[in-house]
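Work through the exercises below with the sequence and the model at hand. Try each task before reading its solution.

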Amino acid sequence: MSKKQRNPLPTVDIIIEVAAGGIVLIERKNPPHGWALPGGFVDCGESLEAAAVREAEEETSLTVKLIEQFYTYSDPRRDPRHHTISTVYIATAPGLPKGADDAARADVFVAGQLPEPLVFDHRRILSDYFNYKQTGHRPKP
């Protein structure tokens, strides 16, 4: 009898910087409820970059331009639903977000004024991002 293969699921998260200043977060419609970076699962046959652009548009109604791959987060406890590995991108977008798909709403926030609760490991990701913007240093494994 063969054992069912279990692997982590690939995901993407996108830190969207908007021209008005700040970054976009979404309020999730589905559990776990709370605020999160736009993102989601990578479809079979889809690149990480294509998934990031697709998920950003689906959840925020923004057309993003990916600037750089920021970091990959793989703590098995980062998502209470599954073991996921998320590659995080930094992107820019014109305009203001509008929540869509599985985002109840989307809004723009700045460091020090983030909403509660932040779900998954997104507080850590955002802390790493704001530190990177100030110092130029990426997170260390």
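**Exercise 1.** How many salt bridges does the structure hold?

*Solution.* A salt bridge is a side-chain nitrogen of Lys or Arg within 4 Å of a carboxyl oxygen of Asp or Glu. The structure holds 13 salt bridges. This is a predicted model, in which local features need pLDDT of at least 70 and side-chain atom pairs count only at pLDDT 80 or more, while totals for chains, interfaces and linings use all residues. Residues are numbered from 1 along each chain as its sequence is written, and side-chain values use heavy atoms, leaving out hydrogens and water.

**Exercise 2.** Which parts does the salt bridge between Arg 54 and Asp 43 tie together?

*Solution.* Step 1: the N to O distance of this pair is 3.6 Å. Step 2: Arg 54 lies in helix α1 (residues 48-60) and Asp 43 in the loop between β4 (39-41) and α1, so the bridge ties together parts 11 residues apart in sequence. Helices (H or I, at least four residues) and strands (E, at least two) are DSSP runs, numbered from the N terminus.

**Exercise 3.** Is Asp 128, the salt-bridge partner of Arg 124, buried or exposed?

*Solution.* Step 1: buried means under 20% relative accessible area, exposed over 50%, and partly exposed in between (1.4 Å probe, protein chains only). Step 2: Asp 128 has 15% relative accessibility and counts as buried. Step 3: Arg 124, at 42%, is partly exposed. Step 4: both residues lie in helix α2 (residues 122-135), 4 residues apart, about one turn of the helix.
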